[in-house]
Each structure stands twice: as C-alpha cells, then as structure tokens.
Protein chains: 2
Amino acid sequence: MKVHVGPVALPELEAAVVAAGAELSSAADASALVWFGGSPEQFAELDHPALEWVQLPSAGIESWVSADVLRDGVTFTSAAGTYAQTVAEHTLGLMLAGARQMHQMARETSWSKPEEQRSVFGSTVGIIGAGGIGRALIDLLRPFGVRVLAVNRSGKPVDGAAATWRSDDAEGVAELLAESDFVIIAAPATAETSKLIDAAALSRMKPGSWLVNVARGSLVDTDALVEALDAGRIGGAALDVTDPEPLPDGHPLFQHPRAIISPHAANPQSLLIPALARRVEENVRRRIAGEPLLGLVDRTAGY
Amino acid sequence: MKVHVGPVALPELEAAVVAAGAELSSAADASALVWFGGSPEQFAELDHPALEWVQLPSAGIESWVSADVLRDGVTFTSAAGTYAQTVAEHTLGLMLAGARQMHQMARETSWSKPEEQRSVFGSTVGIIGAGGIGRALIDLLRPFGVRVLAVNRSGKPVDGAAATWRSDDAEGVAELLAESDFVIIAAPATAETSKLIDAAALSRMKPGSWLVNVARGSLVDTDALVEALDAGRIGGAALDVTDPEPLPDGHPLFQHPRAIISPHAANPQSLLIPALARRVEENVRRRIAGEPLLGLVDRTAGY
C-alpha cells in the first residue's frame, strides 16, 4: 500500500506508516492519505480518483464536515479515542485545580488562603458525552470513590457509571446537572448539542459545582456562563474550549475568580504527535490486513 | 472517660467525643484533652496532674516539640495520617497543574498556548518521606501507570514502589532525584531533613522535572530553589509550604513562571474538620476499649 503524509510531511507519522509495512509515496500515487497540517479547504489539492482512505489528525472533525469535503468513495477515519487519556488527564487536572482554587493561588502576590476549597473524594461527577474521554476519566477517578452519572447518545450503560441517560432524555440530563459536583462536557459538537449548557441548564446546576468543558466551545452559552459565574451561582468553570475561540484578549473569563481558561491545550502538540503516530501505525496495519479501521467517520452523524 | 475539647470548643469534635461513648467535661475534670485552637504555649493552662492523654489536631507537631510541652506522664497523639487523602489529592492537583502549566494559563489575559506541557502518564514519581501521604498518593497515581521510587526512614519497602531506600542512604536519594519526573517531598521536618533539597540536590534533578513540597518549608533551601527555577534547571516547583512561611509579599516565587505557591492549603479547614472529627471519634473509642491509639507521638523522634 502506498501512503502519502501531507500537506505537511511529519517525520513521526512517516515513520509510523513505514513501521506498519506500507510504502511512502507522492500524493498522486497514494491510495491512502495521512492528513497533517493545512486546512480542509486544501483537501482538493491532494485528492484524486484513486484515493481510497484518508486518516484525519483530530478527534473532532466538524471543520471537515462544514467544508463539505468528505466525499463519497473515500473512507475517512478520525483520531477519535487516540487522545482520550491525554484529555482525561487534563480534565482531572482542571477538576482538581478548580476544586482546590489553584487558579486563584497562581494569581496571588501575597500569602492568602483561598476560600471554598472542595474535594473530588466522594463527589458526584456528571459526564455529558461519555465516550472515549469519559471512559478514560472514569479510570482516573476510580481511586476517588466518586459517583459517576453519564449521558451519551445511545443511553447504553457506561461502565463505572451509577446511571446513564440518552442525550435526548431531558429529564435525565436535568438530573445529572442537579446532582453533580463536577459537570464534564465531552460530547461532540453537533446541531443538537449547540448551547446545550445555556442559562436554564446553568440554573439547574448544584450551587458550588464546577463546569469543565473539554469538548467544543459551541456546547456552552458563553454569555450565560459569565452571568452565572459573576452571580456565584456555580462554583466555577474550567474551559479548554470557548465560543468564540480564541477568546478575545481581555475577555472577562480571563483571570475571572471563578474561571480557568485552558487555551485548547488538553491535547498539546508535544503529547499529541506520539499518540497520533500510534494510531496511524495501527490503522495502516489494519488497512493492509483488511481489518476494520479505528475512528471510522459517520458522515451522516458528523463525527 | 471524661474529655475536654479546647482551648477552643469545636462542636464537631465535641460531637465526635460523645459519639465514641465518652463524656464532655471541664478541663480540670478531664483525663483526656482534645486540643483545638490556641498555641502550644497555652498548654500549661489546661494541663493538670490527672491528665493522661492529649489528642493534637495537626499531623506535624514540631511547634509542640520546640515549645517543649510534651511532658512525661501524658500520652500525646498527633493527627498524622488523618489528612493523608486530602493532602494526596492536593499533591496530585499540583502535579497535574504543573505538568500542564495551568498556573501559567490562570495568569493569562489572552489566548496563548503554554510551552513544555508534560504528562503524568508513564512518568517516574519519587516520594521522599513515603508515609501516609505517600501511600495515599500512590493509590491516586495507580491509573497513570507511573513508576514510584520511595525514600523513608526505615527503608522498609513501600507498597507499589519499584524501589525504597532509607533516608540516610545518600546514593539512594541521589538516584531518586536523578530518575524522577516528579519529586514529592512528604517527610517530617527534623534536624536531619532540614534543607534536604539544597543546591546540590537540585542539580541532581532531571531537567524538566517538578518538585512538589507538601511537607514543611524547612526541607527545601528557598534561595537555591529560586536560582534553579530562574536558570530553568528544573521544570518547576509547586510549594504548599515555604521557608520563610508565610512567604513575604512580592517574593519572586509568587507568579514565577515555573512556580505554584499554594499557601499551606493542602489540608484546608473545610476539609480538615470532618477528617479530624473522624480521628477523634476513633481514638476516643480506642482509648475506652483499651486499644492502641492512632498517631502516637514519638517524643524522641519529634513526630
């Protein structure tokens, strides 16, 4: 099998292709393309009629959906699941930093103890969009003796969760919001999940609870969130993603006493590339062996 | 058994005494004293010849040792071990915040990605003074697949550690420093551990590694640490305790790009009291039943 890595040729990914038993080639000669760098709009430059499979480098692929380039006749795979542990680690870090007010400590220039410190031990953690990241987070939370509540698309019970509701079960989602000390957003960005956390949802959250968004900014109504934080209706919010993104300079959420802004850093480049290389090697190996690929894109669902 | 809670009477502790089956009384009538509030110098005011046992409220008791009030004929118990989970949770929070540069994110007023993000997954974690906090931390670290190196007073192998050295084994300590991505200080403050982390120790640490001190400030040479951080010789330091403490206003470690100052907040009052009440109840129950008390103070060792 001939594989091209591009539009930016990354040595780590080329090495993974070779390690899996495929041959590197020009885009024109390749039946498979490992996409790295560039924007979806550039896809046409590397596309050709004999192209069969494209491995995308990100877990969320909505920019590919909206660019409308996921054409028929080509199999697309995303990197969904690849970064789950890395993102789950960041999520737990944000939960602990928020619970213990480490963002406030980091801003001090004098010795002053924070108020309202909380513990993750024995708390209730609600995960909206409990997929790969959610499962990896549940693993990390196991020693904390937490109660996990989950929402996912199918409603299929999530391992380690005390309850799982379908994402279209409004009562289930409301119960999760009302009972959770930490609400984790890890659902894909779709039309259905847009502004899922709006003023009404925020008003249902437990006083003192923390919202952690590691999914996409569009899932949270930013203005409603700022209002809830200013009013102290919830304990705080840790956002790895925002709407708009990037957040404009000087936005009130930067250095807000109840907010931690993590600039889309849950899956940093330094940790991303080794993880992506492992996925590329695995999928190239599977493709050669005729086994099912990981992260197969469902073009109808949009992820 | 008659027990007095003082010099400050805390309802939560009085309730614990009663729940364990003892009777509350004045200090003069009590054979046991649950100390809360006040300073060790006030001990003489509540002391009397028939006093048999004093439960102290903190894990570290060096202020009691230096006030020289731990008199013969009285059994003293500390709260050692009581706060282990709370402190271990804070320690993991500091490790993750440091690894992912959350202290830097918290200080930003614009969207800019941090450099040098690291992962706890698969890292080596060295614990100097692996007692109750160390064991609780090892539990929390289990899902991260870390390699634990430990140092303790006896050299008795620590559960879950790949190697354990005695604290007087200079080569063992040097190996721990050289191999660890995270060096956790959790040892008691004694004459032997004073300035354990000095310029020489810092120079042995792995480039990019983080130092986390949740023990006492005296174990780290502050000036040497500032120098190592300024030079970027280590990745960073997260200090819940400092020397001097409190750190003076505007000290270079506040808002240092490589430092997180947590103002002795690993075991905050809001989480401390419920944990202390559980220990008081358990020890009063044990005292009545004639069972060995938890946290028995070794006056010779000073903890």
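Begin by selecting A:Pro246, which lies in the loop between S11 and S12 of chain A, where helices (H or I, at least four residues) and strands (E, at least two) are DSSP runs numbered from the N terminus. The peptide bond that leads into this proline from A:Glu245 is cis, with omega near -5 degrees. Now move to the other chain and select B:Pro244, in the loop between strand S11 (236–239) and strand S12 (259–261) of chain B; a cis peptide bond joins B:Asp243 to B:Pro244, with omega about 0 degrees. For context, most peptide bonds are trans, and most residues other than glycine have a negative phi.

What is on screen is a predicted model, in which local features need pLDDT of at least 70 and side-chain atom pairs count only at pLDDT 80 or more, while totals for chains, interfaces and linings use all residues. Residues are numbered from 1 along each chain as its sequence is written, chains are lettered from A and ligands numbered from 1 in the order in which they are written, and side-chain values use heavy atoms, with hydrogens and water left out.

**The seven-stranded sheet of chain A**

Select the strands on either side of the loop that holds A:Pro246, and then extend the selection to the whole open sheet, whose 7 strands follow the order S8-S7-S6-S9-S10-S11-S12 with parallel pairing; two strands pair if DSSP finds at least two bridges between them. Strand S8 (163–166) and strand S12 (259–261) of chain A stand at the edges, and because each has a single partner strand, one side of each is left without a neighbour in the sheet. From one strand to the next the twist averages 15 degrees.

Within this sheet, zoom in on strand S10 (residues 210–213) and strand S11 (residues 236–239) of chain A, which run parallel and are joined by 4 bridges. Here A:Val212 stands opposite A:Ala238 in S11(A).

Next, add helix H6 (residues 132–141) of chain A, which lies across strand S6 (124–128), strand S7 (147–152) and strand S9 (182–185) of that chain and runs at about 165 degrees to S6(A). Axes are lines fitted to C-alpha atoms, for helices over the stretch in contact, and angles run from 0 to 180 degrees between N-to-C directions; contact means heavy atoms within 4.5 Å.

**The loop before S6**

Select A:Glu116, in the loop between helix H5 (102–107) and S6 of chain A, whose phi is near 60 degrees, a positive value in a residue other than glycine. The loop between H5 and S6 of chain A also holds A:Ser119. Leaving aside its neighbours within four places in sequence, A:Ser119 is in contact with A:Phe182, B:Glu89 and B:Leu271. A distance label drawn from A:Ser119 to A:Ala79, 40 residues apart along the chain, should show their C-alpha atoms separated by 33 Å.

**The five-stranded sheet and its helices**

Now select the open sheet of 5 strands in chain A, which has the order S2-S1-S3-S4-S5 and parallel pairing. Its edges are strand S2 (23–24) and strand S5 (75–77) of chain A, each with a single partner strand, so one side of each is left without a neighbour in the sheet. Strand S1 (residues 2–7) of chain A pairs with S2(A) in the parallel sense over 2 bridges, and the bridge partner of A:Lys2 in S2(A) is A:Glu23.

Two helices can be added to this view: H1(A) lies across S1, S2 and strand S3 (32–36) of chain A and runs at about 170 degrees to S1(A), whereas H10(A) touches S3, strand S4 (53–55) and S5 of chain A, with a direction that makes about 155 degrees with that of S4(A).

Keep helix H1 (residues 11–19) and helix H10 (residues 269–289) of chain A selected, for they pack at an angle of about 25 degrees with their axes 8 Å apart. They are therefore roughly parallel to each other, a term that covers angles under 35 degrees, with over 145 counting as roughly antiparallel, 65 to 115 as roughly perpendicular and the rest as oblique. Among the residues that meet are A:Leu13 and A:Ala16 in H1(A), and A:Leu276 and A:Val280 in H10(A).

**Both chains together**

Finally, show both chains: chain B can be laid on chain A with an RMSD of 0.1 Å by a turn of 180 degrees and a shift of 0.0 Å along the axis, the copies being superposed by least squares on the C-alpha atoms of residues with pLDDT of at least 70 in both. That is the relation of a two-fold axis. Of the interface residues of chain B, 100% are also interface residues in chain A, so the copies meet through the same surface.
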